[in-house]
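I opened this model to look up a few local features. My notes follow the order in which I checked them.

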Amino acid sequence: MSQYRAVRGMVDILPDSTPQWQRVEGAAKRVLDSYGYQEVRLPIIESTNLFARSIGEVTDIVEKEMYTFSDRSDDSLSLRPEGTAGCVRAAVQHNLISTQQRLWYSGPMFRYERPQKGRQRQFNQLGVEAFGVGTPDLDAELLLMCRALWRDLGIEDALTLEINSIGNSEARSAYRDALVEYLSARKDQLDDDSQRRLESNPLRILDSKNAETQALLDGAPQMLDYLDEQSLADFRVLRDMLDAAGVKYVINQRLVRGLDYYNKTVFEWTTNALGAQGTVCGGGRYDGLVAQFGGRDTSGAGFAIGLERLVLLVDAMGQQASDTLDIFVITVDRAAQIHALPRIEALRSALPNLAIQMNLGGGSFKSQFKRADKSGARYALVYGESEVGSNSVTLKPLRGEGEQATFPDEKLASWLKQSTADE
Ligand code: ATP
Ligand code: MG
């Protein structure tokens, strides 16, 4: 084995899974197009400050998970751990937020985490960000769009939508105080992480995985009791809209999301089908973020889907996509290959949906047939001496039913068009 291996937590996506990826990405693009969202492509590297300020200094991402380095001019840069900060940065820089904008992007993100199933150090997110709409009809649209994608992929039943409102910043800090008061009185019953967070980021204690901490939280003050009127009213409208559209959800008052920039609506789509890494999509509203980046005070909301987890879920639900070769071309010798080349080029342009692979590097008929079998192709297309001499070609089914048959060159394309259209 070679001495080189992919870096821990970095994963190669190989031909056995790319069909599934392409299917998921194709479905996402179709759904986003159908709601009028537009794609942006953004840098993978941004200045470290951008993330520290927007995500928050005392979050796991900024404290422990960022890939940060100095470039040759001693500027501190980071590989992006998420897409929202860069997208807001770009929207402000290019003045995209003077009107309503609905954007999406997809690509790799980087976090130094403990790798496990559904958790990598380089992973892919598909993110959506919409600017300039402060009303909850946008929150509803984002969730409808997610549901449309789950439906398209046949996984709607595997996902649960959890929603919460975390209010404006005054409401949140009043709630934070109440929570800290309640938990400080019971500090020795908290797990170690939560004890630490009591000082740095107490709201994150709400999503502690520790069972005793969770039990303690059953008696804690509830976020919804502290919400400001606007947030409460907006949350009610969101729920009405979801009800009207038949989107099922549960209200999870412990859902806070990790990052500092959220306010009002937050949500997650989770599944039981993937073990511990069950959150496939998370998002919410971030009304203060644009102003924080120097843009005019504009609302924003969005979500990010973890594509690895989405692909795993599509697999787990038995929704297979495969990418099979249609035709493997066999030629008896170099002269036959030269004879076949222009004909195969013409066949590819006539039938662009067929995948046609030419045997390369010569070899006996026998070894070429072996390759054809291994390739998984449905047909072998054979140019032997008699075929070349009579401007014809033999088509041999490699799998399933059917007899082999010889066609005059000019008849092949129409026969294949007919037979593949029937499927
Ligand atoms: P988790 O609680 O699983 O760590 P998170 O709250 O850190 O998730 P977000 O920052 O909200 O995740 O990112 C949105 C989505 O991106 C997640 O719901 C998940 O599907 C995916 N994701 C996040 N981190 C990773 C990772 N290290 N590997 C694979 N997917 C990830
Ligand atoms: Mg995380």
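These entries cover a helix pair, a pocket and a handful of single residues. I am working with a predicted model.

**Entry 1: a helix pair**

I started with helix α2, residues 48–55, and helix α4, residues 84–93. How do their axes cross? I read a crossing angle of roughly 105°, with the axes coming within 9 Å. Angles of 65 to 115 degrees count as roughly perpendicular, so I logged α2 as roughly perpendicular to α4.

Next I listed who makes the contact. From α2 I have Leu50, Phe51 and Ser54. From α4 I have Ala85, Gly86 and Arg89. I sorted the residues of this contact into 3 nonpolar, 2 polar and 1 charged.

**Entry 2: the second largest pocket**

I then turned to the second largest pocket. Its volume is about 410 Å³. Which residues sit closest to its centre? I noted Arg172, Leu259, Asp260, Tyr261 and Tyr262, out of 23 lining residues.

I also asked which elements supply at least two residues of the lining. Three came up: α6 (169–184), β9 (263–270) and α10 (289–292). The largest share belongs to α6, with 3 residues. By character, I split the lining into 8 nonpolar, 8 polar and 7 charged.

**Entry 3: two positive phi values**

I looked up two residues other than glycine with positive phi. For Lys264, phi is near 45°. I placed Lys264 in strand β9, an element I had already met in the pocket lining. Is Lys264 buried or exposed? Its relative accessibility is 13%. The cut-off for buried is under 20%, so Lys264 counts as buried.

For Asn391, phi is near 50°. I found Asn391 in the loop between α14 (385–389) and β15 (392–397). Its relative accessible area is 39%, and I logged Asn391 as partly exposed.

**Entry 4: Ala27**

I moved to helix α1, residues 18–34, which holds Ala27. How much of Ala27 is accessible? I read a relative accessible area of 0%, so Ala27 is buried. Leaving aside neighbours within four places in sequence, Ala27 is in contact with Leu149, Asp152 and Leu153. I also checked a distance to Leu77, 50 residues away along the chain. The two C-alpha atoms are separated by 34 Å.

**Entry 5: Leu216**

I picked Leu216 in helix α8, residues 211–217. At 10% relative accessibility, I counted Leu216 as buried. What does Leu216 touch, beyond residues up to four places away in sequence? I listed Tyr182, Leu183, Arg186, Gln189 and Leu190. Val280 is 64 residues from Leu216 in sequence. In space, I have 27 Å between them, C-alpha to C-alpha.

**Entry 6: Ala245**

My last stop was Ala245. Where does Ala245 lie? I found it in the loop between α9 (229–244) and β8 (250–251). Its relative accessible area is 28%. The buried class ends at 20% and the exposed class needs over 50%, so Ala245 is partly exposed. Not counting residues up to four places away in sequence, I saw Ala245 touch Leu144 and Arg147. Glu181 is 64 residues from Ala245 along the chain, and I noted 40 Å between their C-alpha atoms.

Terms used
Residues numbered from 1 in each chain as written. Chains lettered and ligands numbered in written order. Predicted model: local features only at pLDDT ≥ 70, side-chain atom pairs only at ≥ 80, totals over all residues. Heavy atoms only, no water. Axes fitted to C-alpha atoms, helices over the stretch in contact; angles between N-to-C directions. Helix = DSSP H or I, 4+ residues; strand = E, 2+ residues; numbered from the N terminus. Parallel < 35°, antiparallel > 145°, perpendicular 65-115°, else oblique. Contact = heavy atoms within 4.5 Å. Nonpolar A, V, L, I, M, F, W, Y, C, P; charged D, E, K, R; others polar. 1 Å grid on protein atoms, 1.4 Å probe; cavity = no way out; pocket = protein on both sides within 12 Å on 5 of 7 lines; lining within 4 Å. Points joined across faces, edges and corners; volume = space filled by probe spheres on them. Buried < 20%, exposed > 50% of the residue type's maximum accessible area, 1.4 Å probe, protein only.
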